[in-house]
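Colleague: I'd like a close look at a single part of this model, with the side-chain contacts spelled out. Here is what I have on screen.

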Amino acid sequence: MRTAWSPLLASAGLALAGAAPAGAHGFGQRYDLPVPLGLYLSGAAAAVAFSFLLLGLFLRGAPGVRAYPRVNLLRWPAVRLLAHPVVLISVKVVSVGLFLLFILAGLAGDQHPLRNLAPTLVWVIWWVGLSYVSALGGNLWALINPWRTVFGWAEALYRRARSGRELSLGLPYPEPLGVWPGLLLYLAFAWVELVFPGRAVPARLAGLAIGYSVITWAGMFLFGKERWIQRGEAFSLAFRLLARFAPTEIRVTRRAVCDACGLDCRDSDECINCVECFARANAADREWNLRPFAVGLLRAEAASASMMGFILLVLSTVTFDGFMATPAWAGLEDLLFRRLPGPGAVRLLAVQTVGLVAFPILFLGVYLLVIRLMVAVSRAPRSVAALAPTFAFTLVPIAIAYHLAHYLSFLVIQGQLIVPLASDPFGFGWNILGTAGYRINIAAVGARFAWYTAVVAIVAGHIVAVYLAHVLAFGTLRSRAPALRSQYPMTALMVGYTMVSLWILAQPIVESGTPSPSAGGTAGVVRIPADAVMPELGTGRLQPVGAGKTAKVKLTYRLLTSTFHDGTATTVADLLYAYAFAYRWGAREPADRPTYDPLVAESTALIHERLAGLRVVRVERTTRVLADLKMVQETPVVEVYLTSGGGPPDEADSIAPPWSTLPWHLIVLMEEVVIRGWAAFSKEEAARRGVEWLDLARDAGLRDRMASLVQEFGRKGYVPEPLKGLAMEDEGRQRWAALRAFAEKRGHFLVTNGPYILGKWSQDSVVLGVFRDLSYPLGVGSFDAYPIPRRAYVARVEVLDGRVEIAAEVEQLEKFMRTYALVRKPFQPGASTGARPDVVEGRYVVVSPAGQLVRTGTAKPGADGVFRVDLKGTLAPGRYVLLVTLYLNENAVNPDVRRIEYVVPPS
């Protein structure tokens, strides 16, 4: 059938007539808390405060600060086998191999984030997974760090080639620098993770890794491998900090080994977690110990201002990551975005960068204020500068807890991607290990699990932090009374941060309010803002409405947007150009002009008749987090003004919703094809003009001519006249380049933003691929109404003096874990089981005794939920059959039909 290939009904003007509005949703499930969120927050805060009371009553000193139980794992032969040099070298070889594979996959593989190993390996397995290993197991990074390994190999080769000479220059490291180089590099990494829009693009990730490698190896070359790792290698600093909490440590028992180290690794004459000393020590002097959790945070090694800053940076960036998913940040971001000049992408980067930098400064200010209060209330002869670095280590359990609460469910779900990617790391269609067909089980964890994990982790982390702060206070201030007093401000900080952390984590997980509707309307006399626009009939140019204009209806739409098949993002320009198309090709006079099609005119007649103005109010921006991938979801808010509604609100909604299933550049391309006389939009117009019906896929000759047009438009960055000011030439070039790449890869130009993409075709069959880009805004549960459609039932029918009353029941879905039940309950108008209220429509048919249809109609529910059909005086005397049914949310499948005898007595 020709209609399967023609895009005429998908062209922008016709898409306006058939689109349905929808509300904004997150990517994941939502979870209804069994009790209000405030009770969780207050309960968690109370638990932390109660832990302070218990510690104040029973803690009398600083236990475990210096001497704590240890179990040397190297005493057992099996563990010694794991620590054998051959095993350790093999692990390092694998680590370097994975690093090289990551670089090659990023540079040469498919650039889609989910089809390339690089993003999943970096953001999920390495950053999230290794953080958990470091905090809950030990500092594995010290063994598998590929930069350390490669430079160590280069050192060994250089010594052998140059008779023992060192590869490093061995310059003295400026001690006043502390770990500031590592802090700045970590801040740059946090910017890439949270702000940089190309963080999921494999080639960009590989390029950034190469750049970081150059910096790291340069630092090692100048100052020595271990010195730079200790001061300037950001990830060694981060993983080593988390590993202070871990239940394992490496230890060298011989003091002479540490005396020759020069890295200041001793703590009270003990050499703990120094990789350099451990590598040079004899086997008899080495220990790999099990120890209690968190004792590594109580070590007496000298802390510095730069290390305190690093700890606060780690904590603040992971908190900012969560804060970016809250409505509070969305509102602040939108406020700042609208006040800044320049292109939208640059403004968004600027706002998020300011937020990223502001959070550590805010944390530092609050922390120093708390330390100042500690000094004041304890009346101890200690300065803020002396106490602040020491107590900073007590914040590490909070950072670990937040990391656990924020990322664990993402690691479990998104980490499954490593299974198919192990077989096809480049995205070339390989199946090396036979696992390429594996599909993620998104039901592995749910929103309920994520919420309770967050509650337990946050509360436990803060309680551990309170305990560590108490122990350090006793060890630092020596006297019990000042130590206890010093903990009042610190405990207040922990209680407050507990509540703030849980509130932040709750925003993307739990339902805490009523969702905003997609389309809200007002009726009456509505003033149209002067800056609203209207398309000009015949040209489509968007002209200001001007002052003093009014309408009868104003509808406000919050539009879901997602990426088109060619990778371009939906923008306001796509939404507004649909109107321009409708007015350009739907003007009937003169009928012989090249930009006219009767089918477009017919399909958009209501728009021409009733549209009075359009206004883009704002573009709301929300950061969506999907494991390693963070995307900015844009939700344009558009006002549509109509001269009349023409019926129920739902009907008004469908007259001119701002929507387009096609990107503006494809519409422009199709317009140019029609204007040049190569094809026509509709079958009727094609027959009248004697040309082909526009076909974006099967017509090879037309495809070639369209390809030349795309190349021509791309060279000059062509943007149509109606979009001047809404789309720049640079965007035009990017769009035409994306369309050209799509056509070269797919062999056709049929680009939409629908869930299916045309793959291949023949005369007898068509193969469609499923398309769901990561920017797709509807998450788990969004389509529950389709696989489990609910129905309405006629519960009771009564005939009262010519009036028929119908009481309704509706099905409600009750879920528990993976099971569900449909329960019938009385219908109540306005009641909602989802984002929008349930809508029940009554329909009836009257059949005469002779079997003839004499009357049909619909019925609306009253305030009491009862449907009433008034037939009095409308039928001749006789015996009739009345058939009634009810539809819930337009579900007309297998309706419940009730048959009623209806008698009209003689008058």
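Is Glu-226 buried or exposed, and what is its relative accessibility? Please take that residue as the starting point and work outward from there.

Modeller: Keep in mind that this is a predicted model. Glu-226 counts as buried, because its relative accessibility is 12% and the cut-off for buried is under 20%. Its side chain meets that of Arg-148 in a salt bridge, with N to O at 2.5 Å. Arg-148 is buried as well, since its relative accessible area is 10%. The two ends of this bridge come from distant parts of the chain: Arg-148 belongs to helix H7 and Glu-226 to helix H10, which runs over residues 225–231, and 78 residues separate the two. The pair doesn't stand by itself, either. Salt bridges with shared partners join Arg-148, Glu-155, Lys-225 and Glu-226 into one network. For the wider count, the whole structure has 38 salt bridges.

Stay with helix H7 for a moment, but switch from charges to rings. Trp-147 lies in helix H7 and Phe-99 in helix H4 (residues 85–108), so this aromatic pair ties together parts that are 48 residues apart in sequence. Their ring centres are 5.5 Å apart and the planes stand at 70°, so we call the pair edge-to-face. Both Phe-99 and Trp-147 are buried. A search of the whole structure turns up 40 aromatic pairs.

Follow the chain out of H7 and you reach the loop between helix H7 (146–161) and helix H8 (180–194), where Leu-169 has its place. On the surface, Leu-169 joins Leu-171, Phe-221 and Leu-222 in a nonpolar patch, and together they have about 320 Å² of accessible area.

Some rings also have a charge over them. The charged end of Arg-75 sits over the ring of Trp-76, 5.2 Å from the ring centre. Likewise, Arg-286 lies over the face of Phe-278, with 5.0 Å to the ring centre.

Now the cysteines, in case you were about to draw a bond. The disulfide count comes to zero. Cys-274 is in no disulfide, and its nearest cysteine sulfur, that of Cys-277, is 3.5 Å away. That is too far for a bond, because a disulfide needs the sulfurs within 2.5 Å. Cys-274 is buried with a relative accessible area of 7%, and Cys-277 is buried at 0%.

For comparison with your starting bridge, here are two others. Glu-805 forms a salt bridge with Arg-868, the closest N and O atoms being 3.3 Å apart. This one links distant parts of the chain too: Glu-805 is in strand E17 (residues 803–816) and Arg-868 in strand E21 (residues 866–870), 63 residues apart. Glu-805 counts as buried at 10% relative accessibility, while Arg-868 is partly exposed at 33%. Arg-698 and Asp-695 form another salt bridge, with 3.4 Å between the closest N and O atoms. There Asp-695 is buried, at 1%, and Arg-698 is partly exposed, at 28%.

One last stop is the loop between strand E22 (878–888) and strand E23 (897–904), where you'll find Asn-889. Asn-889 has a positive phi of about 55° although it isn't a glycine, and it counts as partly exposed at 37% relative accessibility. Asn-894 lies in the loop between E22 and E23, has a positive phi near 50°, and is exposed, with a relative accessible area of 53%.

Terms used. Residues are numbered from 1 along each chain as its sequence is written. This is a predicted model: local features need pLDDT of at least 70, side-chain atom pairs count only at pLDDT 80 or more; totals for chains, interfaces and linings use all residues. Side-chain values use heavy atoms; hydrogens and water are left out. Patches are made of residues with over 30% relative accessible area and no salt bridge: like charges are joined within 9 Å, nonpolar side chains (Val, Leu, Ile, Met, Phe, Trp, Tyr) within 5 Å. Accessible areas come from the Shrake-Rupley method with a 1.4 Å probe; for residues, only the protein chains shown count as cover. A salt bridge is a side-chain nitrogen of Lys or Arg within 4 Å of a carboxyl oxygen of Asp or Glu. Helices (H or I, at least four residues) and strands (E, at least two) are DSSP runs, numbered from the N terminus. Rings of Phe, Tyr and Trp (its six-membered ring) pair if their centres lie within 6.5 Å; planes under 30 degrees apart count as stacked, over 60 as edge-to-face and the rest as tilted. Buried means under 20% relative accessible area, exposed over 50%, partly exposed in between (1.4 Å probe, protein chains only). A charge sits over a ring if NZ of Lys or CZ of Arg is within 6 Å of the ring centre and within 35 degrees of the ring normal.
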